[in-house]
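I opened this model to check a few points of its architecture. My notes are kept in the order in which I looked things up.

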Amino acid sequence: MASAPQPGDRDTARVHVPKRLLDALGDSPASAVRSWLDALPETVERQLAAWELTLERVPTPGGRHSLVALVQQADGTPAALKFPAPGPESGHEGAALAHWNGWGAARLLRADPDTGALLIERLRDAVSLRSLPEPKALLEAAGAVRRLWVAPPEGHPFASVTGRTAEEREVLRALGTGAWAADARPLTDEALELREALPAEPPEEVLLHGDFRQGKVLAGERAPWLAVGPVPVVGERAYDLARLVLDRCEDLAAGPGPAAAARRRITKLADSLDVDRDRLRGWTLYRAVEAGLRRGAAGDRRRAELLLEFAGWL
């Protein structure tokens, strides 16, 4: 009988970098990113050995900014081993997960400052809030995101909403002048005006997930639903909630009265989480236009047009 795989055994499975990650980062002008990609299989193998982990598999298609491997710890407990791509904010996910310490989010088990590796509590990646009917998913999402909105730690490394959107401002201006985006210029102008007005007097400064949506909330064992994959930022709750408003906008577009339905969604989420409706509407429009212009520039016209249409409904 063949012996059972041992932690760190290189022969149990080989590490292959998913094509989606290679396509997303393979042409990066940053030499550090290219070197990271080239060394990634060996880096993963070394981390498996250092932490006495057994590799199960690398899920595909995977993400565009990190590699995630499903592993077992030495005691047989499942976990997820994540390697974020190098960059100015590559360590921020681990810092946010450590601060939440399992409250509303997957628990960070270990972190390696040298490789950037994160060992994270394994959740049921095949079961997210997107698997629920839309009204139930929104209700559960509201309860999940509420837990994440806590005061940031002292001396935190996270960007502010003001800073992050300031960096986006020039990108928006440039993308909004493209020929394909000519019809969206009024919306682009409104989004830029909102970007100037909204951060001027933020009502609060809390730690935000940054990319909170139904697909980033997975079923867990110790709690029904836990968030994963934060892009943490510090700012007001309405900014975080705006991304959730945009979720499954294709469902609204396919139904009757999509504009009224979009506005009802804003009202429902704002009221359930005690967030100012006007600020949520403003941040939703801004984030819809910003995401729509980026999708259009990347060649995803269908998604771009849907997001810009959603912004027009508001």
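The entries below cover a sheet, a loop residue and two helix pairs.

**Entry 1: the sheet.** I noted first that the model is predicted. I then traced an open sheet of 3 strands and wrote down its order as S6-S9-S10, with antiparallel pairing. Strand S6 (124-128) and strand S10 (225-227) each have a single partner strand and stand at the edges, so one side of each lacks a neighbour in the sheet. I looked up the twist as well: on average, neighbouring strands here are turned by 55 degrees against each other, direction ignored.

I then went to the pairing of S6 with strand S9 (residues 217-219), which is antiparallel and runs over 2 bridges. For Arg124, I found the bridge partner in S9 to be Ala219.

**Entry 2: Asp75.** I located Asp75 in the loop between strand S2 (66-72) and strand S3 (78-84). Is Asp75 buried or exposed? Its relative accessibility is 61%, and I entered Asp75 as exposed because the cut-off for that class is over 50%.

I checked what the side chain of Asp75 touches and found a polar contact with the side chain of Thr77, at 2.9 Å. I also took the C-alpha to C-alpha distance from Asp75 to Glu52, which is 9.6 Å, with their positions 23 residues apart in sequence.

**Entry 3: H9 and H10.** For helix pairs I recorded the angle between the axes and the distance between the axes, as is usual in describing packed helices. The axes of helix H9 (residues 258-272) and helix H10 (residues 277-297) come within 9 Å and cross at roughly 125 degrees. I therefore listed H9 and H10 as oblique to each other. On the H9 side, the contact is made by Ile266, Thr267, Leu269, Ala270 and Asp271; on the H10 side, by Arg277, Leu280, Arg281 and Thr284. I noted the crossing of H9 and H10 as right-handed.

**Entry 4: H5 and H10.** I turned to helix H5 (residues 161-176), which packs with H10 at an angle of about 50 degrees, the axes being 10 Å apart. This angle makes H5 oblique to H10. What is the handedness of the crossing of H5 and H10? I found the crossing to be left-handed. From H5 I listed Val161, Thr165, Glu168, Val171, Leu172, Leu175 and Gly176 as making the contact. From H10 the list reads Trp283, Tyr286, Val289, Glu290, Leu293, Arg294 and Ala297.

Notes
Residues are numbered from 1 along each chain as its sequence is written. This is a predicted model: local features need pLDDT of at least 70, side-chain atom pairs count only at pLDDT 80 or more; totals for chains, interfaces and linings use all residues. Side-chain values use heavy atoms; hydrogens and water are left out. Two strands pair if DSSP finds at least two bridges between them. Helices (H or I, at least four residues) and strands (E, at least two) are DSSP runs, numbered from the N terminus. Axes are lines fitted to C-alpha atoms, for helices over the stretch in contact, and angles run from 0 to 180 degrees between N-to-C directions. Buried means under 20% relative accessible area, exposed over 50%, partly exposed in between (1.4 Å probe, protein chains only). A polar contact is a pair of N or O atoms within 3.5 Å; within protein, one must be able to donate a hydrogen and the other to accept it, and residues adjacent in sequence count only if both atoms are side-chain atoms. Angles under 35 degrees count as roughly parallel, over 145 as roughly antiparallel, 65 to 115 as roughly perpendicular and the rest as oblique. A crossing is left-handed if the near helix is turned anticlockwise from the far one by less than a right angle, and right-handed if clockwise. Contact means heavy atoms within 4.5 Å.
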